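I opened this model to go through its charged pairs, ring pairs and strand pairing. My entries follow in the order in which I looked things up.

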Amino acid sequence: LNVIYSFPSSETEGWLPFGGLTLGITDGYFYGTTYYYGLPENVSYFGSVFQITPGGSRIYLYKFTGGSDGRYPTAPPIQGTDGNWYGTTQGDFRNPGSVYKLTPSGQFKSLHQFVLGEQPEDPLVQATDGNLYGTTHYGGTSNNGSVFRITLAGKFTVIYNFDTTNGQAPYSPLIQGADGNFYGTTISGGSAGGGVVFKLSPTGKITVLYNFIQGDTPSVPIAGLVQATDG
């Protein structure tokens with residue numbers, strides 16, 4: 001094991017990186033987020049987006065102010081086909097989460113603000129249609145979470161609202177399968193209460209592929225899925 005960077009807890013540093021890293025398509029650097037930036041008395045206590053080289057050289061591309069730009073990112077950004085970075089902030093009980101766009105030079109733009117408490121906590125995925133797709137942990141028509149689509153220009157559409165029957169409270173990101181459909185998990189709901197694995201068409205038609213049994217092992221799938229070479 002080789003530790004290339006350790007995050008301190010200080011007034012001038014980001015810390016508590018919840019999400020993983022994303023490899024830059026064009027430069028070979030890694031990109032991620034920290035949940036906090038600075039100490040509580042610091043005005044920029046609401047997280048950051050950073051770039052780090054494989055050798056451990058780190059710079060901050062953006063520091064969240066906690067206003068309309070959002071606060072508390074828990075997922076790393078993804079790089080779109082246009083070369084820009086796209087991500088989400090979770091928000092809190094005072095400030096809604098957001099979808100943001102960040103250029104490689106650090107120019108920030110908020111594309112969408114969620115309703116207070118919806119909590120988008122996972123990375124986005126850019127589908128073959130060029131749009132971004134993601135999930136919210138809460139919100140939707142029954143407050144059980146949702147799947148949304150947003151264009152690179154910021155046009156936002158909810159394509160599915162979870163209910164207890166087909167799962168509720170997704171914590172995981174989506175993946176787009178080779179068949180063009182989206183796949184993911186929820187931590188609860190389904191016929192047995194322990195969460196589900198689901199398939200969702202781009203038009204919002206859901207199919208539950210598996211129901212986890214509440215209290216059994218395994219159940220409560222927090223992480224997402226990966227499609228292997230065997231399909």
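**Rings**

I began with the aromatic side chains and found a cluster in which ring pairs link Trp15, Phe18, Tyr35, Tyr36, Phe46 and Tyr72. The model is a predicted one. I then took the count of aromatic pairs, which comes to 22. One of them is Tyr100 with Phe108, whose ring centres are 5.6 Å apart and whose planes meet at 25°, so I entered the pair as stacked. I looked up the accessibility of Tyr100 and Phe108 and found both buried.

**Strands β9 and β10**

I stayed with Tyr100 and noted that Ser110 in β10 stands opposite this residue. Strands β9 and β10 run antiparallel and are joined by 5 bridges. Their hairpin has 5 residues between the strands, and there I noted Gly106 with a positive phi near 95°.

**Salt bridges**

How many salt bridges are there? I count 2 salt bridges.

The entry for Arg58 is a salt bridge with Glu13, with 3.0 Å between the closest N and O atoms. This pair links distant parts of the chain: Arg58 belongs to strand β6 (residues 58-63), Glu13 to the segment before β1 (14-15), and 45 residues separate them. Is Glu13 buried or exposed? Its relative accessibility is 15%, and since the cut-off for buried is under 20%, I class Glu13 as buried.

The other entry is Asp92 with Arg71, a salt bridge at 3.1 Å from N to O. Here too I noted distant parts of the chain, 21 residues apart: Asp92 is in the loop between β8 (85-89) and β9 (98-102), and Arg71 is in the loop between β6 and β7 (78-79). I checked the burial of each partner. Asp92 has 17% relative accessibility and therefore counts as buried. Arg71 has a relative accessible area of 11% and is buried as well.

**Glu121**

Next I looked up Glu121, which is placed in the loop between β10 (108-113) and β11. Which side chain of opposite charge is nearest to Glu121? I find Arg71, 14 Å away; Glu121 is buried yet has no salt bridge. Beyond its neighbours within four places in sequence, Glu121 is in contact with Thr74, Ala75, Gln90, Thr135, His137 and Tyr171.

**His137**

I followed that list to His137, which sits in the loop between β12 (132-136) and β13. With a relative accessible area of 3%, His137 is buried. What does the side chain of His137 reach at 3.4 Å? I have the backbone oxygen of Pro170 as the partner. Leaving aside neighbours within four places in sequence, the contacts of His137 are Glu118, Gln119, Glu121, Asn144, Gly145, Ala169, Pro170, Tyr171 and Ile187.

**The sheet of β11 to β14**

Last, I traced the open sheet of 4 strands, in the order β11-β12-β13-β14, with antiparallel pairing. Its edge strands are β11 (125-126) and β14 (156-161), and each of these pairs on one side only. For strand β13 (residues 146-150) I noted 5 bridges to β14, the two running antiparallel. Which residue of β14 is the bridge partner of Ile150? I entered Phe156. As a reminder for reading such strands, I wrote down that side chains in a regular strand alternate between the two faces of the sheet.

Terms used. Residues are numbered from 1 along each chain as its sequence is written. This is a predicted model: local features need pLDDT of at least 70, side-chain atom pairs count only at pLDDT 80 or more; totals for chains, interfaces and linings use all residues. Side-chain values use heavy atoms; hydrogens and water are left out. Two strands pair if DSSP finds at least two bridges between them. A salt bridge is a side-chain nitrogen of Lys or Arg within 4 Å of a carboxyl oxygen of Asp or Glu. Buried means under 20% relative accessible area, exposed over 50%, partly exposed in between (1.4 Å probe, protein chains only). A polar contact is a pair of N or O atoms within 3.5 Å; within protein, one must be able to donate a hydrogen and the other to accept it, and residues adjacent in sequence count only if both atoms are side-chain atoms. Contact means heavy atoms within 4.5 Å. Rings of Phe, Tyr and Trp (its six-membered ring) pair if their centres lie within 6.5 Å; planes under 30 degrees apart count as stacked, over 60 as edge-to-face and the rest as tilted. Lys and Arg count as positive and Asp and Glu as negative; His and the chain ends are not counted.
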